[in-house]
Amino acid sequence: MFKEKGLTKKEAEKRLEKYGLNEIKDISKTTPLKILLRQIKSNFMVYLLAVAMFISFFVGKSVTAYTILVIIFMVISVGFIQEYRSEKTINALKNMLVPVSIVIRDGKEQEIQSAIIVPGDIIILRNGEKIPADCLLIEERELRVNEAVLTGESKEVSKKIGSEKKYSDENLVFMGTYIVNGRCAAKVMHTGMNTKFGKIAGLISSTEKELPLQKKVNKIAKYMVFLAIIISVLTGLIMLSRSTVLNEEAILGILILVIALAVSAFPEGFPVVLITTLATGAHHMAKKNAIVNRMSIIETLGETTVICSDKTGTITKGEMTVKRIFANNTFYEITGTGYEGKGDFLHNHKKIDANKEPTLRNLIYNAVLCNDSIIERTGNNMEFRTIGSPTESALSIMGVKAGLFKEDITFKRVQEIPFNSERKMMSVLCEINKEKVVYSKGALEYLIKKCKFIQKNKKISILSDLEKKKILEYNKNMASNSLRTIAFAYKKVNTSTKDHFEDDLVFLGCAGMEDPAREGVKEAIGQCYSAGIKVKMITGDNKETAMSIAKEIGLHGKIMEGIELDNLSDDELAKIIGTITIFARVNPEHKLKIIKALKSNGEIVTMTGDGVNDAPALKEAHIGIAMGKNGTDVSRSVADLTLKDDNFSTIVSAISEGRTIFKNIRKFSTYQLSCNFAELLILFIGVLLSPFLGWQIPMLLALQILFMNLVTDNLPAITLGLNPSSNDSMMEPPRKNSEILNKKLFILLLFTGSLLTVLVLSSYFLAFNVFGETHEYARTVALFSLIGLEIASAFNFRSYRKGVLNRGLMVNPYLVYASAISLIATFVIIYSPLNKVFETVPLGIDGLLIVAVLSLSLALIFDLLKYVNNKKKFFDIEHV
C-alpha cells in the first residue's frame, strides 16, 4: 500500500472550484457558425441558385427572385440542421466512455472520473493506463512511459522519483502519454489546459479524415454534375433554336431554366444524407454498446470475413470465481459465485478451515498480497465492488472467504516485478513481521520453471521432474473442466534487491477459476457462420481451457499454441491458418502474426484486444476493437470500435448494423440519382417531342423544378438512410464489391429513371393530347405526377426484394412523414395563392386520377418485377 494519505474530500472540492474540470478544450471543435459557413462554401447548388436569383432580379421577375432566395435559405437550413444534428450525435458518442482514474483521497484508494482530478491529488497509475494530468513521481516500480504524443518518438522512456523542491522532465509523467510497463504513484501538478499537452492542444486536436465513403459519393456526384451540365446546356440550346422570339428576356429565361435543371440534377444532398446515415447508424450501435471511435470503419464493418476474438471477458463473462485449488498433492473445492464473499473451503466434501492448512494458508496469502486489485463492501451483506482485473479480483474474494483481507495484514511492498505478457508472471517482495518474502503468481508452465522446491503442509522438499509432470497433469485436468488456472510460489530472502528475485522458488499450488461463457455467444457465433464470417478464438490460457470453452460455445476446428506459431514462417502460417480456429497460449506478437497471415489471404479482419501490447495488432487489423470495461487506455486509443459491455455478441450486432448502413447508402444513392436522371431526361425528351405533339416548352418551369428538388429529392433520400435492418442481414456472405454503385445498381438506376420519364411524359400526353386540357394544366399534372412517382419510388427502394403494396407503410415511419410533408407542400403550391408564384393551376378529378393511377402503376410494376425476380433470381441486387 502507498503511504500517502492524499487530499481530503473537502480539499478536493475546493480545488475543483479553483482549477475547474481536468479537460482539454479542442479549439478546432466544430461550432454552429463553422457548420453554417461550411454549408454555404461547399454547396455548389447555392451559387447556381444565387446566379439565377440575380438574373431574375435583372429581368424584373422579382417574385421569382424572392422565391429562389427562400429556396436558397431552405437548402442551407436543411443542410445545416442535418449536419448539426450529426455533429451532436458524433460528439455524444465520444463522451459515452468516461475516463476514470484511481486516486488516494481520505487515505484510501478510490476510483473517480478523470475530469475531477485536481492539483495535489495522489494518483495510482498502472500498465496500459493513459496519464490524466501532469504529475510528479513519488513512487515507481519498473516504470516506462510512451511519450510519442508529445515528442513524436515511440521509444519507451524510463522515469525517476523526484521532489517538489527540485525536479525535471525525467521526474514527471505528462498528460496524454501512456504507461507501457510497471506502475507508479504520482502527485498531480497541473491539469487541463495548464498541462504540457493542453498548451499545444490547438496543434494536436484532431478531426475526422475524409471518409472513404465520402470520396466515393463525391466521385459519383462529379459524374452526375458533368452529365447534368451537358444535358441542361443541350436542352437550352434546343429551346433557343426553336424560339420564335429571341429577345433579352427570353434568353435570360432559358438561362434560368438551364440553371434550375442543372441544380435539380446536382446531388447536393449526398454529403448531408451520408453523414446523417452514418451518424444515425453510429447512434444505433451505441445503443447496443458498440461505440464508434472512427466513422470511417462503418463501411468496412459490413465487409468483415474473420473475427479474431479474445476469450476472457469477451467470449466469457470475465467475472471469475475461484472454484478449485490444487495444493498438498490434493484438491480443495471453494463454494460461492461472483464477487460475493460468502463461501466455504471443502476437502473431500467436508468443510475445513483454510487457515489451519499451512500450504493452503500460504497460497491464499500469496494470492492476496501479490495482487493489485481493490475490493470494497457494497453494503449488501458480503457483496463487494472491485477495482482491478477480474483475475486478481477473484483472488481477493477467495481471501475474503478465508477471512483474509489485505487491509488486515501488516506488510510493506518493498519491490515488485509487474506482470507482462512475455513473462506471464508477477512477483512482489513484502516485509511481513520483519521477514522478507517474495510472492509470485502466473501461468503454471512459466512459473514452474522458476521453482526448485515444493511445500506440502509444513514440509519443503526438492521439486522433482516427475512431480512437475504430475502437477502439469493435475493442471490439465482443471483446464479441461473449463477452469482458468494460475499458479503460486514464494521464497524467503535476506535482501531487498531484485537480483535473482524469481529463482529457486517454492511451489505452493494452483487455483482454478470458473469464467463461464456469456449468454448469447453460442447463438452469435451461429449467426457469424450463417453470414459467411469465420470466428477465431485467441487466448493466453492453455490449450485444455480453450478447447473446453470452444466446445461449449459451438466453435469447432483445429487448435494451435503460441510455441507452434513461433516455429512457422509467415508464408507457412498463411497456408494453414484457414484450418485453425483456436489459438492458445499466445502473446501480443502472435496476434500480430495471425492478423498479417489472414490479411495476406485477402481476409477482412476484425480483431479484439485489451492489453497495452495489443495496440500493434489492433492497428494492423482492418477493424480494431477495444474493451470498454476491462481494456487499457492504450488499446482504446488505437481502436476503431469500443465495446461498452466487452461482449462478443455486441461485435456481431455492430457488423449487422454496418451491413445495414451500407445497404441504406446504396439505396438512397440509387434512388436520388434515378430521380435526378429522370428530371434531366423529362425536360430533354420533352423539348425533342414538343414539335410533334404540340407541347409548350419547357414542360416544367424553373421554380417548379427547384421546388420538386427540395421537397421530393432530398427528404425521402434522407429517410431512406434510416431504413431499419432486415431480419436476414446476417444470412448472406460478406460483400466483396465495396463500390456504392456497381453494374447491377447502375442498370437499376437507369431503368428506374427511364420508367419515371415515360410515366411523367405519359401524364402530360394524357392531360394535353387526350383530355384536351391547357398547357398550364398539363404542366401541373406532370409536376404532381413526377412528385407522386418519386414518392412511390422511394417506398419501392425500402427493399430490393419485398414489395410496396403487400408491406406495411410504417416499416420506415420517417419515410411516411417525409412523403406527407412533400404531398402537403405540393397541394399548397397548387391549391393556394402560391400557385401564381409557381405558375400552377388547381387540378380536377381527372388530373388527380392521372397522378394516382400512374403512381400506383409504378408500385405495381416494381412489385411484379420483384415477384418474378425472387422466383427466378435473374437480378440478385440484395447480395451485391
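These legends accompany several close-up views of a predicted model.

**View 1. An open sheet of eight strands.**
Welcome to the sheet, whose strands follow the order β8-β28-β27-β26-β9-β23-β25-β24 with mixed pairing. Its edges are formed by β8 (290-292) and β24 (558-561); each has a single partner strand, so one side of each lacks a neighbour in the sheet. From one strand to the next, the twist averages 20°.

**View 2. Strands β26 and β27 side by side, with a helix across the sheet.**
Here β26 (residues 605-609) pairs with β27 (residues 623-627) in the parallel sense, over four bridges. To find your place in this pairing, look for Thr608, whose bridge partner in β27 is Ile625. Helix α21 (residues 588-600) lies across β26 as well as β9 (306-310), β23 (534-538) and β25 (580-584). The helix runs at about 170° to β26.

**View 3. A nonpolar patch on the surface.**
Six side chains come together in this view: Phe226, Ile229, Ile230, Val233, Leu234 and Leu237 make a nonpolar surface patch of about 530 Å². Ile230 is a handy one to pick out, and it belongs to helix α8 (residues 212-242). With a relative accessible area of 36%, Ile230 is partly exposed.

**View 4. A buried salt bridge between two strands.**
The model holds 28 salt bridges, and this view shows one of them, between Arg126 and Glu109. Their closest N and O atoms are 3.8 Å apart. Arg126 sits in strand β3 (residues 122-126) and Glu109 in strand β2 (residues 108-113), so the pair links parts of the chain 17 residues apart. Both residues, Arg126 and Glu109, are buried.

**View 5. A partly exposed salt bridge between a loop and a helix.**
Asp169 and Lys196 meet through their side chains, at 3.8 Å from N to O. Asp169 lies in the loop between β5 (156-158) and β6 (172-173), while Lys196 lies in helix α6 (residues 196-199), 27 residues apart. Asp169 is partly exposed at 44% relative accessible area, and Lys196 is also partly exposed, at 39%.

**View 6. A salt-bridge network around Arg413 and Glu416.**
In this last view, the side chains of Arg413 and Glu416 form a salt bridge of 3.2 Å, N to O. Arg413 has 11% relative accessibility and therefore counts as buried; Glu416 is buried too, at 0%. Follow the shared partners and you will find one network that joins Arg141, Arg183, Asp372, Arg413 and Glu416 through salt bridges.

Definitions and conventions. Residues numbered from 1 in each chain as written. Predicted model: local features only at pLDDT ≥ 70, side-chain atom pairs only at ≥ 80, totals over all residues. Heavy atoms only, no water. Pairing = 2+ DSSP bridges. Helix = DSSP H or I, 4+ residues; strand = E, 2+ residues; numbered from the N terminus. Axes fitted to C-alpha atoms, helices over the stretch in contact; angles between N-to-C directions. Contact = heavy atoms within 4.5 Å. Patch = residues over 30% accessible without salt bridge, like charges linked within 9 Å, V, L, I, M, F, W, Y side chains within 5 Å. Areas by Shrake-Rupley, 256 points an atom, 1.4 Å probe, with all protein chains shown as cover. Salt bridge = Lys/Arg side-chain N within 4 Å of Asp/Glu carboxyl O. Buried < 20%, exposed > 50% of the residue type's maximum accessible area, 1.4 Å probe, protein only.
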